[in-house]
Structure formats: structure tokens, C-alpha cells
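Please open the model in a viewer with the cartoon representation switched on. The tour below proposes a series of selections and describes what each one shows.

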Amino acid sequence: MEIRPATPEDVPDVLPMVAKVCAFHESLDPAKYGFRADPERMYDRWLVNRSKDPRSVFLVADAARPGEPRRLVAFLIGTVEAEIPIYRLKEFGFIHDLWVEEKYRHEGIGRQIVTLAVERFRQIGVKQVRLDTAWGNEAARGLFAACGLRPSVVEMLIEL
Amino acid sequence: MGIIVRTGNAADMQVALPLMLERLRERSEIDRAFYGLRPDAARLFRQWIGPVMEDPRHALFVAEHDGQMIGCLAAIVERDLPIFEVDEYAVVRLLWVAPDERGRGVATKLLERAAREYAAMGVRQIRATAAAGRDVEYRVAEKAGFRPAGVTFLRELDSRKPPGNKE
């Protein structure tokens, strides 16, 4: 399994995984993650741009054997975000999405890709990495805790 | 006389500002990595919040007892990414209650008032944050009808440490 930075050519193969991330989150919390139709279409150009942006972290896991065409089974997308100016921390790395195809789970791919993303953010020069998890996504919380992240803030929501 | 909760005005903002700053400092003590303040945070916060509160949907609510402000809540309306059906929601930016008034339901009343006002404006959701591990903060929000929706995780990076090592 090769984990590497994504290229613009990878994006068409990443988009079906984006659709799965969206559907999964919507199943957990439709009020917070209710998507418009085909949300992955809106990611297309954004992901292509992220793959060319040296301050974004866009990684894919490719299960193809040498000589085979690419077979992407996981991706992670992160960007550098600015904090509001009252805080000591000026900017931080933010992991927006992570997906590992179901057949490839429990093989350590999630942990490897997060560890690599953290290292990429360190090289970019940010002092902190953050990400949001849905309240019901206990597997993700376990994974991120195993990767050295800690819970810092709980988001509370009321529907009106 | 009991506790009165009402929509704040420009004069209230002058009273509320130092109280909000006190709350920012409290949060900074709870989690320095997330909320650590710059030394000039007070000046920057005043600069930031003034223009922000000019938007009519960005609101200040105050709780008073015997004419004294004992709590305040500042909320703004934020837009979400266009991929979501709920494309805007209100966010509670700051909620402060005087230390000797805590545990009397003041924060819950402020949140309930904000929910009523934003519902009347047609806003479909309010989001607020509680520091992880601070059960009192969740309980206050839960009493006002909020539910947990997500958890933000963070990791501080030390550029001197080699790759792969946990902080």
C-alpha cells in the first residue's frame, strides 16, 4: 500500500469516496450534515486546486501493485486555516475529511495516513492540527486519539 | 426582583465587553492550546466585535438582577459551505455568567432567549461550544435543549520532534 500526495489525475477516483464520506455523516446527523444533491461535484475543482497547493495536505492510499493502474482506497484532505486574531495561535492545520474504503479498514491505513498528514503539517510549519468528528463517530474518535490528538471542544447544536 | 433576560443594546455592549474578556481569559485557562490569548487580545477583541455587532442578526442578550448585568451572550450568524442544506446558522461566540451567579440557570435562560429570537428571525440552528471535559458547560446547553453534535480534536506540533513520535 503506497500512501502519497494526491495529483490532479487522482481527483476523479477520490470523488466517489467524498460521496461516501458525505453520505456517512448525513446518516449520523442529518441536521448538521444534510447535503445538497451530489456534494462531491462541488469538491472537484477544490480538490484539484488542493493537489497543487503546497500548503494543503491531500494524501491518497493506492493499493495497486507495481505495473497496475492506480486503485485508490483511502484519502485525506487538509488545509491551513487562520485563527481569529485575538488568539496566540495564528493558524493551524485542519483535516477536513478522511475516508478508508470499508474493505481496507483495520489494516492501519487510517493511522498511517493521519500520521503522515500530521508530519506534512509539521513540515509546512503550523504549530497545531485540528479536526472535527461527528458526535456519533466513535471509531474516528478512537483513531484520532491513537494518533495523538485529544478532544478539545464539544459542539452543541439546537434545531429551531 | 427576579432575573430579567433581554436583548442588549449599544450601551450594554460597553458593560458586556470587559465581562466577555473575562470569559475569554477563563477559557484560555481551561485550554491554552485552543484558546490561548495574545497579550493584546483585549484591544483586538474590541476592534473585532464592534463592526461584527453592527449586523442586525448578530445579537447580544443580557441577564440582569436588580439592574446589574449578571450574564451576557453574544451570537453571530455564520454561513456554512454551499454543499449543506442548512447554509447558515447562529453561533454562540461568548457566554458569560458572573461567578457568584452560576448554578442559578442564568446561562440556560440566555440560551433559551437566543433560541427564541433566532427562531423568530428564521434561523434554523444555533451552535455553541463547550470545553471538552467541562460537564457543567454541556449540562447548561443541554438544559436549554442543545445536544452534542461533534468533537474537535487537536494535536500540538513541536517542530523539534522527529516524525512519528507522539507529543
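Begin by selecting Ala107(B), Thr108(B), Leu111(B) and Glu112(B) in H4(B), which meet Val140(B), Ala141(B) and Lys143(B) in H5(B). By class, this contact comprises four nonpolar residues, one polar residue and two charged residues. The model is a predicted one.

Next, display the two helices in full: H4 covers residues 106–121 of chain B and H5 covers residues 135–143 of chain B. Their axes come within 8 Å and cross at roughly 45 degrees. Because angles from 35 to 65 degrees fall outside the roughly parallel and roughly perpendicular ranges, H4(B) is oblique to H5(B). The crossing is right-handed.

Now turn to the strands. An open sheet of twelve strands, with mixed pairing, follows the order S1(A)-S2(A)-S3(A)-S4(A)-S5(A)-S6(B)-S6(A)-S5(B)-S4(B)-S3(B)-S2(B)-S1(B). Select S1 (2–5) of chain A and S1 (4–7) of chain B to find the edge strands, each of which pairs on one side only. On average, neighbouring strands of this sheet are turned by 25 degrees against each other, direction ignored.

Within the sheet, select residues 56–62 and 72–82 of chain A, which are strands S2 and S3. These strands run antiparallel and are joined by seven bridges. For one bridge pair, highlight Val60(A) and its partner in S3(A), Phe75(A).

Finally, select helix H3 (residues 109–124) of chain A, which packs on the sheet. H3(A) touches S1, S2, S3, S4 (91–100) and S5 (128–134) of chain A, together with S6 (147–156) of chain B. The direction of H3(A) makes about 150 degrees with that of S2(A).

How values were computed. Residues are numbered from 1 along each chain as its sequence is written. Chains are lettered from A and ligands numbered from 1 in the order in which they are written. This is a predicted model: local features need pLDDT of at least 70, side-chain atom pairs count only at pLDDT 80 or more; totals for chains, interfaces and linings use all residues. Side-chain values use heavy atoms; hydrogens and water are left out. Two strands pair if DSSP finds at least two bridges between them. Helices (H or I, at least four residues) and strands (E, at least two) are DSSP runs, numbered from the N terminus. Axes are lines fitted to C-alpha atoms, for helices over the stretch in contact, and angles run from 0 to 180 degrees between N-to-C directions. Contact means heavy atoms within 4.5 Å. Angles under 35 degrees count as roughly parallel, over 145 as roughly antiparallel, 65 to 115 as roughly perpendicular and the rest as oblique. A crossing is left-handed if the near helix is turned anticlockwise from the far one by less than a right angle, and right-handed if clockwise. Ala, Val, Leu, Ile, Met, Phe, Trp, Tyr, Cys and Pro count as nonpolar, Asp, Glu, Lys and Arg as charged, and the others, Gly among them, as polar.
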